[in-house]
Structures are given as structure tokens and as C-alpha cells.
Amino acid sequence: MAASSASARSPLASQGMGIAYALGAILSIQFGSALAKQLMPELGAWGVVGIRLLFSSIVLLAIFRPAFTTWTRQQWRSVIILGVALFGANGFFYVAIEQIPLSIAVAIEFMGPLVLATVLSRRKSDLIWIGLSFAGMALLTSESQAKPEDFALVGIIFAVLTAISRAAYILATEKVGATIPGMGGMVMGNVVSTALTLPFSFMVNWDQLSGLPSNPNLLPILWAGFIMSMLASALPSLAEISALRLLPSSVYSVLLSMEPAIATLAGLLILGEQSSVIRWGAIALLVAASVGITLAHAKAERTALAAGEDPQQHAQEFLPGAVETTGADMVYKAETGSIPVIDPTQKN
């Protein structure tokens, strides 16, 4: 039903809806991160990560129900590696935003997939975009002299670790997508990450978590934790699935390039984190670098197609917007009705 209504819409309307889904996913993730930072005084950074991953794992298991009992040792190895990468990408990021503004943490994190996309590219011209991104980082470094309180060393270190983990996550996702069909590998990777995170949550934030059962605000805290988990995990996943059905991967990746700017906006509106003109300029350079390498990738594919060549020979597999190979599996499941797809035009 959703597929038939989607096909009845004009291409312009479909792309407009796809853009809305993609932007909605980014807004959900970044505003979820801002809400997570507000919960840190009660739960600690690792406590917030544990709650987010626990709730999201429960929801994802209920939706996808992966048949993990039939997997081989090689498949489980790829899932465990993915879980470790997710552990770092989530845990390190939340420790970072506890110490430094959300905008700075996301800007540094964004460098991971951006550098990966350039390093793995076969086009020397992409060095222009990595140079642009490093210029953005240089601007951020110059701002640290004027506002050292926004650049706590611990936060910067963990933001860099997040960037490395995010690049590792993209590589691990490609491996899981090649060995396990569908979304099962991604779901169990999330479960593995949860199992790794929860012990850290209690070890590092024992004081906050041990007093949680007697906290008079227990139910509001858990409810806020559930909302944060849905905003940061489940809702963006469903929105991204719908966006991938309606948009070319290059357009989708360009939209995801707006992530640092939206993170800055979320930090301003929810957390009251002010950003200087220099910081906005640095973020603009990062966004431009991501958009540039994405559009260069799309142009190379079109040129190859016009020349009668296989466009995959010129494809840049790891776009900075993090359109991973599992996206195709997600779209397939959406088309076959295996997972829900948001379609506001569908009548009950």
C-alpha cells in the first residue's frame, strides 16, 4: 500500500518527502543528543549511553527479530567488531559532549567519515575537500585560544576517539552488510554494544545509578531516557529507511552533511550553548567539504554511466554522510513490508 501510494506521487513530491524524512532524522538525532546531555547530571555520561542502547536494543529486537542462532563464527565475528565500534562511537561521544559543547563534539566526530571517504577515494581532486575540512578544524583550534572553557582537553580527546570509532563503524557496517543479509547484523551489533556498555555505566557512574531506585524523580528520568533513546536511535532509523526509498544516495548524503550545523542549532536552542562567528565558519567549511566530496562522487558515477562503464568502478563507497551498504537492505525490507515505512498519505 505504501509502495503504491509512493509511486502515485510526482517525482518532485517524492523527493520533497524524502528530504523531509532525512532532515527529520538529523533533527531527531541531534535534539536527542541535546536531551541526553541534560540527563547527565542525574545518570552520568556512561549511564545515559547505557539507557539509550538498552532501550534501542529492545525496540530493534522487537521490530526486526534477527535469526542469529543460525549464524556462523565468521558472521558473529563481524557483528562483534561492529558492536565494539558502536560502543566507541556512542560511549566516547557522550563523554565528549559532557565536557565540551555539542557543536564542537559533532564537528570533530564528523571528521572521521569525511577523512575515511577521502582516503579511500581514487580521485586526487578529493584532496581539495579534505583540505577544506582541515581548514575548518584549524578555525576551531584558533577559537580555542579565545574560549578555552569550551575546549576541555578530555572532551577533545574523546571527540577524536569518537571520530575514529565512527570511521571504524562505517567499515564494520560494510563487513556486516556483506556477510549477513537484512538488518539482523546491525541489530545484534547494537545488542553487543549494549552488553559492552552497561558494565562501564555501573563502574564509572555507580554513584548516580546506585541511587536511582530511591530517587523521587525515577519515573520522569526513565521516561526522559526512553524519549531520548527513541529520538537518538529508533525514530531516525525509520525516517532514514523512508528517505532512502525516495532519494538518490548522493542527495541523501548531501542532506546528512548538514549534521554539524543542526547539532550547533540544537545546542543553542536546548542547551543554551552559544556559538561564535568563527565556530559557524568552521562548521560551514566542514559542511562544504562533505557536500563537495558527495557531489564529486555523484558526478563520477554519471560520467561513467554516460561512457557505458560500470559506475561502481568509480563509486566512492564510504560517503561522509554515512550512507552504508546496509541502506540497500533496509530499502528492500521496506519495499517488501518486512519493516514499517512512514507514509503520511496512506489511509487507514
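A residue counts as buried when its relative accessible area is under 20%, as exposed when that value is over 50%, and as partly exposed in between. I start there because Lys-37, which comes up shortly, has a relative accessibility of 18% and so falls on the buried side. One caution before going on: what you have in front of you is a predicted model.

The overall picture, then. The chain holds 14 helices and zero strands. Read from the N terminus, every element is therefore an α, as the string α-α-α-α-α-α-α-α-α-α-α-α-α-α shows. The chain has 348 residues, and 53% of them count as buried. About 15,600 Å² is exposed, with carbon and sulfur atoms supplying 68% of that area. As for contacts between residues at least 6 apart in sequence, 87% join residues at least 24 apart.

Now the charged pairs. How many salt bridges does a search of the whole structure find? The number is six. One of the six is between the side chains of Lys-37 and Glu-273, at 2.6 Å from N to O. Lys-37 sits in helix α2, residues 11-43, while Glu-273 is in the loop between α12 (259-271) and α13 (277-306), so this pair ties together parts that are 236 residues apart in sequence. I have already given the value for Lys-37, which was 18%. Its partner Glu-273 has 14%, and is buried too.

Next, Arg-279. This residue forms a salt bridge with Glu-143, and the closest N and O atoms are 3.1 Å apart. Arg-279 belongs to helix α13 and Glu-143 to helix α6, residues 127-146, so the bridge ties together parts 136 residues apart in sequence. How accessible is Arg-279? Its relative accessibility is 1%, so it counts as buried. Glu-143, at 2%, is buried as well.

Arg-279 also forms a salt bridge with Asp-150, where the closest N and O atoms are 2.8 Å apart. Asp-150 lies in the loop between α6 and α7, so here the parts tied together are 129 residues apart in sequence. Asp-150 is buried, like Arg-279. Salt bridges with shared partners join Glu-143, Lys-147, Asp-150 and Arg-279 into one network.

On to the rings. The structure holds 11 aromatic pairs. One of them is formed by Phe-68 and Trp-76. Are their planes stacked or edge-to-face? They are edge-to-face, with 75 degrees between the planes and 6.2 Å from centre to centre. The angle qualifies because edge-to-face requires over 60 degrees. Phe-68 has 33% relative accessibility and Trp-76 has 24%, so both count as partly exposed. Elsewhere, Trp-46, Phe-87, Phe-92, Phe-158 and Phe-200 form one aromatic cluster.

Last, the surface. Which residues form a nonpolar patch there? They are Leu-153, Ile-157, Val-160, Leu-161 and Ile-164, and together they have about 440 Å² of accessible area. Leu-153 is found in helix α7, which covers residues 153-179. With a relative accessible area of 62%, Leu-153 is over the 50% limit and so counts as exposed.

To sum up, the chain has helices and zero strands. The network around Arg-279 includes Glu-143 from helix α6 and Asp-150 from the loop that follows. Leu-153, in helix α7, is part of the nonpolar surface patch. That is all from me.

Methods: Residues are numbered from 1 along each chain as its sequence is written. This is a predicted model: local features need pLDDT of at least 70, side-chain atom pairs count only at pLDDT 80 or more; totals for chains, interfaces and linings use all residues. Side-chain values use heavy atoms; hydrogens and water are left out. Patches are made of residues with over 30% relative accessible area and no salt bridge: like charges are joined within 9 Å, nonpolar side chains (Val, Leu, Ile, Met, Phe, Trp, Tyr) within 5 Å. Accessible areas come from the Shrake-Rupley method with a 1.4 Å probe; for residues, only the protein chains shown count as cover. A salt bridge is a side-chain nitrogen of Lys or Arg within 4 Å of a carboxyl oxygen of Asp or Glu. Helices (H or I, at least four residues) and strands (E, at least two) are DSSP runs, numbered from the N terminus. Buried means under 20% relative accessible area, exposed over 50%, partly exposed in between (1.4 Å probe, protein chains only). Rings of Phe, Tyr and Trp (its six-membered ring) pair if their centres lie within 6.5 Å; planes under 30 degrees apart count as stacked, over 60 as edge-to-face and the rest as tilted. Contact means heavy atoms within 4.5 Å.
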